[in-house]
Protein chains: 2
Amino acid sequence: MTDATPPEALALKLDAATAAFEQWSWLQPADRAPALDAIAAALEEAAPKLVAIADEETSLGEARLNGELARTVFQLRLFADVVRRGEYLGAKIDRADPAWPTGPRPDLRRVLEPLGPVVVFSASNFPFAFSVAGGDTASALASGCPVVVKAHSGHPRLSAATAEVVDLALRSVGAPEGLFDIVYGTEAGRAAIVDHRVKAGAFTGSIEAGRTLFDLAGSRPEPIPFFGELGSVNPVFVTEAAAERRGSAIVSEFVGSFTLGSGQFCTKPGILLVPAAAELLDQFPGTVPDAPLALLNDRIRTSYASAVRELGETAGVRVVVQGGDALPGPTPTLLCTTSAELLASPETLVREVFGPASLVVEYTHESELLEVARAIDGQLTATVQGEDDDTIAPELIRLLAAKAGRVLWNQWPTGVSVTPAQQHGGPYPATTAPATTSVGTEAIGRFLRPVAYQNVPQHLLPPALRDTNPLGVPQHAS
Amino acid sequence: MTDATPPEALALKLDAATAAFEQWSWLQPADRAPALDAIAAALEEAAPKLVAIADEETSLGEARLNGELARTVFQLRLFADVVRRGEYLGAKIDRADPAWPTGPRPDLRRVLEPLGPVVVFSASNFPFAFSVAGGDTASALASGCPVVVKAHSGHPRLSAATAEVVDLALRSVGAPEGLFDIVYGTEAGRAAIVDHRVKAGAFTGSIEAGRTLFDLAGSRPEPIPFFGELGSVNPVFVTEAAAERRGSAIVSEFVGSFTLGSGQFCTKPGILLVPAAAELLDQFPGTVPDAPLALLNDRIRTSYASAVRELGETAGVRVVVQGGDALPGPTPTLLCTTSAELLASPETLVREVFGPASLVVEYTHESELLEVARAIDGQLTATVQGEDDDTIAPELIRLLAAKAGRVLWNQWPTGVSVTPAQQHGGPYPATTAPATTSVGTEAIGRFLRPVAYQNVPQHLLPPALRDTNPLGVPQHAS
């Protein structure tokens, strides 16, 4: 059932997705909502079974997995709400204007329409929320695009079980055949992203795998958008005043954040910049927990061990807390270096380690925070722990906004709220598409493209653009 | 002055652009408006001189060039208005909500911010509107991005003269040094698009050149967005009823559209699908003008001649009106084929010929229009000439909307109005970025990326996100 999908089976699924696209994309947006709601309800009903399988395959624990499933269900209902409201369509109406400065303006009406079949690559670390029925699938289906999911090898049985739940739910509401399907195996994923029937890809995972798929998507005869969320170090900048006034609290909150979920979050803070003068390093040995933390699977455990070893052996890096390897997994590791070392070779020292390890960077002058902000690559998040009267804060925040999709003040980057204003993205390598987000309602925008209708009679216009506005969506007139 | 820019000079310009980015991007959006207005006013003042140079270099004629310059000035002022209003910022505010279903929601505020230095590749066929101070430059500057223009080899003196006007105008308003510059030569363009200081590219031109640059942009260590507007055939679908009721008018309007501007528009209708039964072919020989039409330059004249020859010699294609080669350029050519031939090899018959040639395609059954709509690649435009009661129209319009950025009814695709609802884009090969437009106010979106601010104090937020809303921009709360 979860054997690698052979090319012929993939071709049939993509043919079905293409046929489903005409039906699904031509539905009025609000008429896609029942399918999303049905999937949500079916997942809730299947929760005990799915969570049990997920726990066996990922070791994430029931509490976390129940929470993640609840988030997944919430996302599906949120996108049902998004398509019911129709604001995402961006309907714009320019009526004909004979006096337009550059010559008579025709009647022009613009709306966002779906791209076509989408391949969604599941993530290892969110077996529900960024997997088979996760945010990418929910937003793509909402937009009007069929979805073929490439299951993650870390949780194949859960993937199959979830796909079955989704499939039955879609059948129960009469959704088109082929609207949703799943494939297994690296080769099927590669074949899908270069297939001419596929019009976009969405991915959450490593820089290496994501870049390979991005390159494939871009090298097709017809290149397609590839929305990859790859890697992020999520640096935290602690000002002198903050370190002085609440250094201990920052240390303990930071430890909580980088070890949360065994450090397997894409928003895990991988660097903490602190003033050397605050002498915070001594506080870590008693604060970093020495309990072993389960990792998702053996492959991740192996690559975590080698990444920590490599970073620890880098010139200029010292060990603050040496993690061990026990059962069911490693105990956390904390390393340290100086901002001078970091600025001398940011490409070596600013890099993601997936798992419960992080790097404390001591600085001498607070202005080095600005230098580091200028030196780092694109990030999903950047955080400032500061005080309201910090004089460095305005410039620091502005520099970080140029590098990260989300800038935080006195909070921690782990925990990504699913909301309208959320931005989970950032310049490369955080993502391959810096103008997009994979979390929050704006995620639907990835699968849409604008179409302008010129001088088209009312009865031939998409309903969202008609004068009578039968869908009741916001129409922006000019 | 217009010699190829050497690598060292390019590096200095990009250093200056990078420095300018911090200043320019940190200005409040409305404070960028005076610079755009100053460029507009300076172009108006320099119009007689610039138009004279442009006419020498492009043979487009004073009337057209004056109109194009007016459009260019209008675009600059339009983007000044866009940044003054601030709606483009997409400001969204989610206040903290402890009762949010997936857990306490932090205060999250989202706004669009500029990407960084942009390289703009000028087009040959719009020496003003898609060139040095054209729509790409106007929208990039408006967004907060510095611009380095790669001049088109077809109008180097005009490029230099325009750049000087822009430069003086920017100095007059105290814009940052390095905000705008120009480079010459293919090598400088290639070097710029792969330079780490450049964060996006914008291009209007051929599929071949555009694809080369797109591939370079995507293969960088840090890939960047590349907004290329490449090629389009802009098919026109004439229904049986329309051909019967107003065949002669359609023939003559079509001829006017495909020969307009010597057929050198990216929206030139390159295919006209008509019912064979209407016997419209006979009407073309008397309607297609036999006056020679100047082309932009010798290179375009040569490639036009070979493209027309090649298409004319394709199996299944016949000549309806044989164009000649006279001075100052060719007389128009009209070829014909059948929808059966086209459907048998769309990749051979549906292709852009830049210049005054087009292909009439006769169909037997009206349903073949749907087959052709399904068979074609991405387009900037697709047009239906139909009657309100055509039963084929709803499905035809929907299929064409899946292939084209703009769908027209009973109008002609040449003439692209610069308005808020305009969409000048489309799936590949029409563009390399189907979610974007290079004409209209939405063009500014290409150079922006969202940033979410979490729990950031009021005085550290971008003004557009503050509770007091000092800029008076639309804020969407949820």
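The crossing of helix 2 and helix 6 in chain A is right-handed, and that's a handy way into this predicted model. From there, the tour goes out to the two sheets, the domain split of chain A, and the place where chains A and B meet. One sheet to watch takes strands from both chains, in the order 10(A)-11(A)-12(A)-9(A)-8(A)-13(A)-14(A)-15(B)-2(B)-1(B)-16(B).

**Helix 2 against helix 6**

- Helix 2 of chain A covers residues 33–45 and helix 6 of chain A covers residues 156–172; their axes sit 8 Å apart, at an angle of about 135°.
- That angle is why helix 2 of chain A and helix 6 of chain A count as oblique to each other.
- On the helix 2 side of chain A, the residues in play are A:Ala35, A:Ala38, A:Ile39, A:Ala42 and A:Leu43, and they meet A:Val165, A:Val166, A:Leu168, A:Ala169, A:Leu170 and A:Ser172 from helix 6 of chain A.
- Sorted by class, this contact between helix 2 and helix 6 of chain A comes out at ten nonpolar residues, one polar and no charged ones.

**The five-strand sheet in chain A**

- Five strands of chain A make an open sheet with parallel pairing, in the order 5-4-3-6-7.
- Its edges are strand 5 (180–183) and strand 7 (226–229) of chain A, each of which pairs on one side only.
- On average, neighbouring strands here are turned by 15° against each other, if you ignore direction.
- Within the sheet, strand 3 (residues 118–121) and strand 6 (residues 200–204) of chain A run parallel and share four bridges.
- A:Phe121 has A:Phe203, in strand 6 of chain A, as its bridge partner.
- Helix 1 (residues 7–26) of chain A packs on this sheet and touches strand 4 (147–150) and strand 5 of chain A, with its direction at about 160° to that of strand 5.

**The sheet shared by both chains**

- The other sheet is open too, with eleven strands and mixed pairing.
- Strand 10 (318–321) of chain A and strand 16 (476–477) of chain B stand at its edges with a single partner strand each, so one side of each has no neighbour in the sheet.
- Where do the chains join up? Strand 14 of chain A runs parallel to strand 15 (residues 448–454) of chain B, and three bridges connect them.
- Across that join, A:Arg406 is opposite B:Ala452, and A:Leu408 is opposite B:Gln454.
- Helix 15 of chain A lies across strands from both chains: strand 8 (236–238), strand 13 (379–385) and strand 14 of chain A, plus strand 2 (108–114) and strand 15 of chain B.
- Helix 15 of chain A runs at about 150° to strand 14 of chain A.

**The A–B contact overall**

- Chain A puts 59 residues into the contact and chain B puts in 58.
- Several elements of chain A supply at least two residues each, among them helix 4 (62–85), helix 8 (207–219) and strand 14 (404–409).
- Strand 15 of chain A gives the most to this side, with seven residues.
- The chain A side holds 32 nonpolar, 14 polar and 13 charged residues.

**Domains of chain A**

- Chain A is split into domain 1 (7–230 + 431–477) and domain 2 (236–409), and their C-alpha centres are 34 Å apart.
- Eight residues from domain 1 of chain A and ten from domain 2 of chain A make the contact.
- The domain 1 side of that contact has one nonpolar, five polar and two charged residues.

Note on methods
Residues numbered from 1 in each chain as written. Chains lettered and ligands numbered in written order. Predicted model: local features only at pLDDT ≥ 70, side-chain atom pairs only at ≥ 80, totals over all residues. Axes fitted to C-alpha atoms, helices over the stretch in contact; angles between N-to-C directions. Parallel < 35°, antiparallel > 145°, perpendicular 65-115°, else oblique. Left-handed = near helix turned anticlockwise from the far one by under 90°. Contact = placed C-beta atoms within 7 Å. Nonpolar A, V, L, I, M, F, W, Y, C, P; charged D, E, K, R; others polar. Pairing = 2+ DSSP bridges. Domains from an automatic or database assignment.
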